[in-house]
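Biologist: Before we discuss anything in detail, could you put the model on the screen for us? I would like to go through its charged side chains and then its overall build.

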Amino acid sequence: MNAFNELMGKNIEIEISGGNFYSGILVDSGLDIIVLYVGRSERFFYIPTVHIQRVKEAKHDQNSVIYEPPSEKPLEPESQTISFRGILTNAKGRFVEVYVTGNKSIHGYLTSIMNNHFVFYSPVYKTVFISMDHVKWLIPYPEHSTPYSINNQTLPAAPASIPLARSFEDQCKKLENQLVVIDGGDSSEKIGLLQKVWNNQLTLITAERDIVYRNLEHVKTIHFA
């Protein structure tokens with residue numbers, strides 16, 4: 001039993017962190033995640049509840065279009081109750097879209113799941129390390145879909161071999177003395193040489209040779225520049 005059970009099967013409106021709004025039919029919920037079917041785009045949004053700011057039942061009028069969700073969801077849980085980690089596990093190897101911050105999402109494949117982050121391969125950004133704490137939603141594409149209609153033969157069978165760590169902080173330590181991009185590079189101060197990671201902090205030397213200190217708790221994604 002959870003707070004969303006009363007809304008199951010109903011059309012709802014959701015506000016998530018960052019002032020983002022979505023509406024659709026609530027088709028499943030667990031302790032830490034819900035599944036929203038957005039009929040207009042025919043997509044399933046897997047949304048961690050920690051980022052849900054507000055939920056309410058959507059009102060219909062005579063001009064409203066009612067979309068009936070498919071009987072099967074793209075990522076079915078192995079148990080009766082879904083969880084965020086379980087959905088990530090089921091999504092491994094599947095072409096998905098992940099949204100963490102800003103005005104753009106990342107398209108690609110989830111390759112490994114660690115303690116508090118996962119490894120993501122993007123044809124555009126290559127290997128990206130994503131903190132689980134900051135994932136706002138995940139959308140699986142239809143089976144056998146490929147990103148950007150790229151031929152499967154041109155996609156690497158596996159991402160470049162990079163040593164993996166169980167925690168996000170330890171993973172960032174493995175990138176020390178490398179040029180990295182944080183949070184997709186939405187600021188020039190998030191692109192530079194990762195000098196040091198310690199005590200949940202990191203120091204980055206920018207192109208202008210400024211030294212920037214960042215709280216690792218607020219780093220959402222990181223990848224090689």
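Biologist: How many salt bridges does a search of the whole structure find?
Modeller: Please keep in mind that this is a predicted model. A pair counts when a side-chain nitrogen of Lys or Arg lies within 4 Å of a carboxyl oxygen of Asp or Glu. With that criterion, the search of the whole structure gives a total of eight.

Biologist: How far apart in the chain are glutamate 57 and lysine 10?
Modeller: These two residues form a salt bridge, with 3.9 Å between the closest N and O atoms. Glutamate 57 belongs to strand S5 (residues 52-57), whereas lysine 10 sits in the segment before strand S1 (11-16). The pair therefore links distant parts of the chain, and the separation is 47 residues.

Biologist: Is glutamate 57 buried, partly exposed or exposed?
Modeller: Buried requires under 20% relative accessible area and exposed requires over 50%, with partly exposed in between. Lysine 10, its salt-bridge partner, has 34% relative accessibility and counts as partly exposed. Glutamate 57 has 43%, and so it counts as partly exposed.Biologist: Which parts of the chain does the salt bridge between aspartate 28 and lysine 73 tie together?
Modeller: The side chains of aspartate 28 and lysine 73 meet at 3.7 Å, N to O, and both residues are buried. The two parts that the pair ties together are 45 residues apart in sequence, and they are strand S2 (residues 20-29), which holds aspartate 28, and, for lysine 73, the loop between S5 and helix H1 (84-91).

Biologist: Which residues are linked in a network of salt bridges?
Modeller: Lysine 190 forms a salt bridge with aspartate 186, and their closest N and O atoms are 3.2 Å apart. Lysine 190 counts as buried at 12% relative accessibility, while aspartate 186, at 48%, counts as partly exposed. A further residue belongs to the network, whose members are Asp183, Asp186 and Lys190.

Biologist: What is the phi value of aspartate 183?
Modeller: Aspartate 183 is found in the loop between strand S11 (179-182) and strand S12 (191-198), and at 5% relative accessibility it counts as buried. Its phi is positive although the residue is not glycine, with a value near 55°.

Biologist: Is arginine 209 buried or exposed?
Modeller: Arginine 209 also has a positive phi in a residue other than glycine, near 70°, and its place is in the loop between strand S13 (201-205) and strand S14 (211-215). Its relative accessibility is 73%, and the cut-off for this class is over 50%, so arginine 209 counts as exposed.

Biologist: How far apart do the centres of the positive and negative side chains lie?
Modeller: The protein chain carries 21 positive and 24 negative side chains. The distance between the centres of these two sets is 4 Å.

Biologist: What is the radius of gyration of the protein chain?
Modeller: The secondary structure comes to two helices and 15 strands. For 225 residues the globule rule gives 17 Å, and the chain is close to this, so it is as compact as a globular protein of that length, with a radius of gyration of 19 Å.

Biologist: What share of the residues of the protein chain counts as buried?
Modeller: The chain exposes about 12200 Å², of which carbon and sulfur atoms supply 47%. That figure describes area, whereas the share you ask about is taken over the 225 residues, and there the buried part is 47%.

Note on methods: Residues are numbered from 1 along each chain as its sequence is written. This is a predicted model: local features need pLDDT of at least 70, side-chain atom pairs count only at pLDDT 80 or more; totals for chains, interfaces and linings use all residues. Side-chain values use heavy atoms; hydrogens and water are left out. Helices (H or I, at least four residues) and strands (E, at least two) are DSSP runs, numbered from the N terminus. The radius of gyration is taken over C-alpha atoms; the globule rule is 2.2 Å times the number of residues to the power 0.38. Buried means under 20% relative accessible area, exposed over 50%, partly exposed in between (1.4 Å probe, protein chains only). Accessible areas come from the Shrake-Rupley method with a 1.4 Å probe; for residues, only the protein chains shown count as cover. Lys and Arg count as positive and Asp and Glu as negative; His and the chain ends are not counted. The place of a charge is taken as NZ of Lys, CZ of Arg, CG of Asp or CD of Glu.
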